Amino acid sequence: MAVIDQIEAGETLLEYASVNKISLPTGDVAVLRAARGKEASIAAPGPDRDTFNAALDSVVGAVPLSVSALRSSASRRKRLVPLVADAQSLLDYAAANAKKVDDENRKALIVSSDAVVRGAPGVEDEQGFLKAYEQLTVATAPVTAETLEASQTRLPTLQKLFSKEGFWASWEGLTLGRFADALIFIAVLLLTCLALRYHSVGSEGLRRLNELDGKIATAKADGNKNVDVAKLKQFALADAEKPEKGAPVPAIVDAARGALLDAQRELAASQTLAAGLKEERDSIPSRLWKWSQLPCGAVLVDWALCSSVDKVPEGTEPKTDLAKVAAAQTTAKWMNEIVLPLLLGWVGAYAFVIRGMTAEISQRSFTKSSTLRHIARLSLGALAGIASGWLFTPEVVSAQLKNVPAWVLAFVAGYGIELVFAFLDRVIGAFSTKTT
């Protein structure tokens, strides 16, 4: 046996003796503890080697187990120590939450755990522990040691966080994942609110433009009618004042003059209204143009959404109102069909994830592996949000939704993506050839 192996054997014996309170000669213990620093002198024939061998033989005789058996137990103990800690966590949880654990099973866990702590678990100890641990996990399911660990909230203490020595150490074992999820959800929600606000400006401008076109046409028709009425009233007044019909009757003249004034006031009001409507209508195309060009001036949004066709040199505008309105309609279209459905589908999926994560944490069933599942859910939610515009209309989904914008369905689709994929499965099934 190599000298280093003998030294490690001596250290293994000392560790076992220390854990199990086996009395050893003080001199032998000192020799074995100092052996690693004297490896070279122990390897060569001489007093140091003789002293070391004598101390090792003495300790081997005092310890009831062989070095090979201790090493096997050490390897077994290394495997079982984390499980023992997990079992203790589950026992504590069961005791605090009225989870019934069989007395014999609890006793088997405690006995086998004690053997692991003492440092020399045997094959029977391992077998008994694993069997008892399996029964314990059945009693506490779906809660496991992993979910208990992941469901705990750990934040750095202020004292350690602001100390030079404890700053980095204070971040070890923290459960920041759920806080990151919550913060990202808030950021996505704010981004969605900004997108909705931006969309509302353009959609309201387009709606108002269509409304004003109708009002201007109505006001123009009313104005033409009022012009005709005023002319008729003018003719009536002139006819009442004609001297060839005899002396004018004052009452008739006054009535004709009052009717003319009323007609003139109606005409002036309609002309003022038409002028105001036209002035407001003329200002909208320029506003819509500026609105349509805002995304092309923002970082990242410019790269993601604006092609070379959309980009216009700064300070230039189309010459006609129709071109300005067409640009706004294009922007509103991709907002309705791409941006808002994607964001709202994402928000819907995130709402589902946050709700589920909150329930899992309260039930102690949250796991660290949930992160990958959450990422997949969010990605599918964004896809479902866009796909909802291709597959559904508010009238098809529910009569109660017929008056809401189509992209509102994106939130519903993102929250309940199973419904979208169930619909797709039915569509595929309808086109699939059934074989007998």
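Which residues does Leu206 touch, not counting residues up to four places away in sequence? The exercises below work up to this and beyond.

The model is predicted: local features need pLDDT of at least 70, side-chain atom pairs count only at pLDDT 80 or more, and totals for chains, interfaces and linings use all residues. Residues are numbered from 1 along each chain as its sequence is written, and side-chain values use heavy atoms, with hydrogens and water left out.

**Exercise 1. List the contacts of Leu206 and place the residue in its core.**

Step 1. Contact means heavy atoms within 4.5 Å. Leu206 touches Leu288, Val325, Ala328, Gln329 and Ala332, with residues up to four places away in sequence not counted.

Step 2. A nonpolar core is a set of buried Ala, Val, Leu, Ile, Met, Phe, Trp, Tyr and Cys residues joined through side-chain atoms within 4.5 Å. Buried means under 20% relative accessible area (1.4 Å probe, protein chains only).

Step 3. The largest nonpolar core has 21 residues, and Leu206, Leu288, Met335 and Leu340 touch the most other members. Helix H10 (177-240), H11 and H13 each supply at least two of its residues. H13 gives the most, with nine.

Step 4. Apart from this core lies another, of 19 residues, including Val3, Ile7, Val59 and Val63.

**Exercise 2. Describe the packing of H11 against H13.**

Step 1. Helices are DSSP runs (H or I, at least four residues), numbered from the N terminus. H11 spans residues 250-293 and H13 spans residues 321-362.

Step 2. Axes are lines fitted to C-alpha atoms over the stretch in contact, with angles from 0 to 180 degrees between N-to-C directions. The two axes come within 8 Å and cross at roughly 45 degrees.

Step 3. H11 is therefore oblique to H13. Oblique is what remains after under 35 degrees (roughly parallel), over 145 (roughly antiparallel) and 65 to 115 (roughly perpendicular).

Step 4. The crossing of H11 and H13 is left-handed, meaning the near helix is turned anticlockwise from the far one by less than a right angle.

Step 5. Among the residues that meet are Trp289 in H11 and Ala328 in H13. The contact divides into eight nonpolar, three polar and three charged residues.

**Exercise 3. Repeat for H1 and H4.**

Step 1. H1 (residues 3-19) and H4 (residues 47-62) have axes that come within 10 Å and cross at roughly 40 degrees. They are therefore oblique to each other.

Step 2. This crossing of H1 and H4 is left-handed. Gln6, Ile7, Gly10 and Leu13 of H1 make the contact with Phe52, Asn53, Leu56, Val59 and Val60 of H4.

Conventions: Nonpolar A, V, L, I, M, F, W, Y, C, P; charged D, E, K, R; others polar. Buried < 20%, exposed > 50% of the residue type's maximum accessible area, 1.4 Å probe, protein only.
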